[in-house]
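Subject: Structure handover

Hello,

Here is the structure I said I would pass on. Please look through it first; my notes on what was found follow below.

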Amino acid sequence: MPNRRERRAQAKANRRGVPSQYDQTQGRGRSGMIDEYQLQQKSIRLQEGTDGKEWKPSGGNVEETETLLTTNPNYSNPKMFKAPHSVRQWFRVGSWTLIALAIIAFFVVMWLPSHPMWLIATVSGVFIVGVVSLFFTAGNSKDNPNLDQNGTAV
């Protein structure tokens, strides 16, 4: 017959919801394990609505979102693709054209039976020039209606 300490330990293990045949720790610490009994009790308390106080943010005063949002979330531009009207925008169109041509040329070169090194280097160079030129022709982010004041896409 087990002694009193063993009976209490067995009763405590049974309350925890981990039967001995499933006990992977075999008496060692349970810090990284999931306790099914506690999860079930938490679920019951959440369903009954008796799980402590209502959560409120503790990070400080929260301002109204109306004042934080300076962009219009219902923005829709009926003329999304306008004709370029400045030199910078024409260079941007040229950059995208270079990138598209380099991608097409890469697929053509890929299917050639022999791959001349000068052709691969030329196609790669055109692609790199197109991508790098986008950095120089990019507009000011403050003029982009799809970004909020923090630069996050809306």
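A residue counts as buried when its relative accessible area is under 20%. Q89 has a relative accessible area of 19%, so it is buried. Q89 sits in helix α4. Apart from neighbours within four places in sequence, Q89 is in contact with A83 and P84. Please keep in mind that this is a predicted model.

Overall make-up

The secondary structure of the protein chain consists of 5 helices and 0 strands. Read from the N terminus, the order of elements is α-α-α-α-α. The chain has 154 residues, and buried residues make up 10% of them. About 13,600 Å² of the protein chain is exposed, and carbon and sulfur atoms supply 60% of that area. Among contacts with a separation of 6 or more, 47% are between residues 24 or more positions apart.

Helix lengths

Helix α2 covers residues 36–48. Its 13 residues, at 1.5 Å a residue, should span 18 Å, and the C-alpha atoms at its ends are 18 Å apart, which agrees. Just after α2, G49 has a positive phi of about 80°.

The same check was made on α4, which runs over 87–110. Its 24 residues should span 34 Å at 1.5 Å a residue, and the distance between its end C-alpha atoms is 34 Å, in agreement. For α5, residues 117–137, the 21 residues should span 30 Å at that rise, and the end C-alpha atoms are indeed 30 Å apart.

How α4 and α5 meet

Which residues of α5 are buried? They are V123, G130, S133 and T137. These residues cover an arc of only 95° around the axis, so they lie on the same side of α5. As background, an α-helix has 3.6 residues a turn, so residues three or four places apart point the same way. On the other side of α5, the exposed residues are M117, W118, I128, F135 and F136.

What do the buried residues of α5 pack against? They pack against α4. In α4, the buried residues are Q89, S95, I99, A102 and V109, and the buried residues of α4 pack against α5.

F136 belongs to helix α5. Exposed means over 50% relative accessible area. F136 has a relative accessibility of 67%, so it counts as exposed. The C-alpha atoms of F136 and R88 are 8.8 Å apart, although 48 residues separate the two along the chain.

The nonpolar patch

There is a nonpolar patch of about 1,200 Å² on the surface. The residues that make it are I103, F106, F107, M110, W111, F127, I128, V131, V132, F135 and F136. Both α4 and α5 supply at least two residues of the patch. Which helix gives the most to it? That is α5, with 6 residues.

F107, one of the patch residues, is found in helix α4. Is F107 buried or exposed? Residues between the two cut-offs, under 20% for buried and over 50% for exposed, are called partly exposed. At a relative accessible area of 45%, F107 is therefore partly exposed. F136, also a member of the patch, is on the exposed side of that division at 67%.

To recap the main point, the buried residues of α5 pack against α4, while both helices also contribute to the nonpolar surface patch.

Regards

Note on methods: Residues numbered from 1 in each chain as written. Predicted model: local features only at pLDDT ≥ 70, side-chain atom pairs only at ≥ 80, totals over all residues. Heavy atoms only, no water. Patch = residues over 30% accessible without salt bridge, like charges linked within 9 Å, V, L, I, M, F, W, Y side chains within 5 Å. Areas by Shrake-Rupley, 256 points an atom, 1.4 Å probe, with all protein chains shown as cover. Salt bridge = Lys/Arg side-chain N within 4 Å of Asp/Glu carboxyl O. Helix = DSSP H or I, 4+ residues; strand = E, 2+ residues; numbered from the N terminus. Buried < 20%, exposed > 50% of the residue type's maximum accessible area, 1.4 Å probe, protein only. Contact = heavy atoms within 4.5 Å. Expected span 1.5 Å × (residues − 1). Arc of directions from axis to C-beta.
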